[in-house]
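User: I have a model open and want to know how its labels are justified. Please set each value against its cut-off.

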Amino acid sequence: MASTLSDRLSRLVKTMRGQARITESNVQDMLREVRMALLEADVALPVVRDFIARVKEKALGQEVVGSLNPGQALVGVVHKELAATMGDGVSDINLATQPPAIILMAGLQGAGKTTTTGKLTKHLIERRKKKVLTVSADVYRPAAIEQLKTVTKQAGGEWFPSAPDQKPHDIALAAIDHARRHYFDVLIVDTAGRLAIDEALMAEIRDLHATLKPVETLFVVDAMQGQDAINTAKAFKEALPLTGIVLTKMDGDSRGGAALSVRQITGAPIKFAGVSEKIDGLEAFDAERHAGRVLG
Ligand code: GDP
């Protein structure tokens, strides 16, 4: 188990004892430790560089240089900056539109889109008192359509049937029509993922977005994804105007550095964290708490 950033910095500061004050070069050494800690948490390298540059500016201000306990002061600066970067207080689904409010789920295969669709359905029914319809536009995997049916039932929502011989575009239109005629407040559209980014997938989801005009386009990403998260996030951001992020599998043992990478690349707020495979395993994302986890 790697030692925490706090431990590392206090060890480093001890070796500086005897030097009259903390200088710019001392801070540089300390920032190297911060960099290591972030890389160990699997934050992507370019994101780490940007982040360190911002922290350096703050550390060289009054906050660290000249303070009695520079190690602690720097941990404070890093923690504050991490929490500020990852969170912006926007945590729930935006439903401020003419019903049905449409939510488009985007992400790689296995990221947790279908599971999260079930969790969101439950959340919107129980917490927001909404009437929710789900539909799957994954025409490549009949099992995915069945899986959505199962989780929607568990959540107490309604599921709109779709079939592998239909086009995603036609499924979307039929589902909107059904949602309108039956006065649903929300329609959640689950989509096909691939194991890796490919152009056909991106073209398909762009087309779906144009048809659906969703109020929320959620990027679902696995917190365990680590360094790769940055490429996935870039591709989805280029394809779609993302309005929020759901970080899944936060119950795993990763330090969750993907949160910082994905947030910085997409600029979209991290709205929810998936914390189990179960239908109620969804929490509002807590940036303060997550900053502590990333730093170890
Ligand atoms: P999709 O291909 O994006 O629709 O992904 P799925 O919803 O099918 O999820 C893929 C796998 O990840 C399934 O085995 C889910 O049970 C699991 N999963 C999804 N979200 C979470 C989570 O927050 N925690 C855990 N432990 N497993 C999750």
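User: Which residues does Ala 284 touch, not counting residues up to four places away in sequence?

Analyst: Ala 284 touches Ser 91, Lys 271 and Phe 272 on that count. A contact here means heavy atoms within 4.5 Å. As to the source, this is a predicted model, in which local features need pLDDT of at least 70, side-chain atom pairs count only at pLDDT 80 or more, and totals for chains, interfaces and linings use all residues. Residues are numbered from 1 along each chain as its sequence is written, and side-chain values use heavy atoms, with hydrogens and water left out.

User: Why is Ala 284 called partly exposed?

Analyst: Buried means under 20% relative accessible area, exposed means over 50%, and partly exposed is in between (1.4 Å probe, protein chains only). Ala 284 has 46% relative accessibility, so it counts as partly exposed. Ala 284 is in strand β8 (residues 282–284); helices (H or I, at least four residues) and strands (E, at least two) are DSSP runs, numbered from the N terminus. The C-alpha atom of Ala 284 is 6.2 Å from that of Ala 273, 11 residues apart along the chain.

User: Why does Leu 39 get the label partly exposed?

Analyst: Its relative accessible area is 24%, and therefore Leu 39 is partly exposed. Leu 39 is found in helix α2 (residues 24–40). Leu 39 touches Leu 45, Val 48 and Gln 227, leaving out residues up to four places away in sequence. Leu 39 and Asn 69 are 30 residues apart in sequence, with 25 Å between their C-alpha atoms.

User: What makes helix α10 mostly covered?

Analyst: Eight of the nine residues of α10 (residues 258–266) are buried. These are Ala 258, Ala 259, Leu 260, Ser 261, Val 262, Arg 263, Ile 265 and Thr 266. Gly 267 follows α10 and has a positive phi, near 75°. For the protein chain, 53% of the 296 residues count as buried.

User: How do you know that Asp 251 makes a polar contact with the ligand?

Analyst: A polar contact is a pair of N or O atoms within 3.5 Å; within protein, one must be able to donate a hydrogen and the other to accept it, and residues adjacent in sequence count only if both atoms are side-chain atoms. An N or O atom in the side chain of Asp 251 is 2.7 Å from a nitrogen atom of the ligand, so the pair meets the distance limit. A polar side-chain atom of Thr 114 lies 2.8 Å from a ligand oxygen atom, and a polar backbone atom of Ala 111 is 3.3 Å from an oxygen atom of the ligand. Taken alone the ligand exposes 580 Å², of which the protein buries 80%; accessible areas come from the Shrake-Rupley method with a 1.4 Å probe, and for residues only the protein chains shown count as cover.

User: How many residues surround the ligand, and which helix gives the most to the shell?

Analyst: There are 18 residues around the ligand, the closest being Gly 110, Lys 113, Thr 115, Asp 251 and Glu 277. A residue is near a molecule or strand if one of its heavy atoms lies within 4 Å of it. Helix α5 (residues 113–126) gives the most to the shell, with four residues.

User: What is the secondary structure of the protein chain?

Analyst: The protein chain has 11 helices and eight strands.
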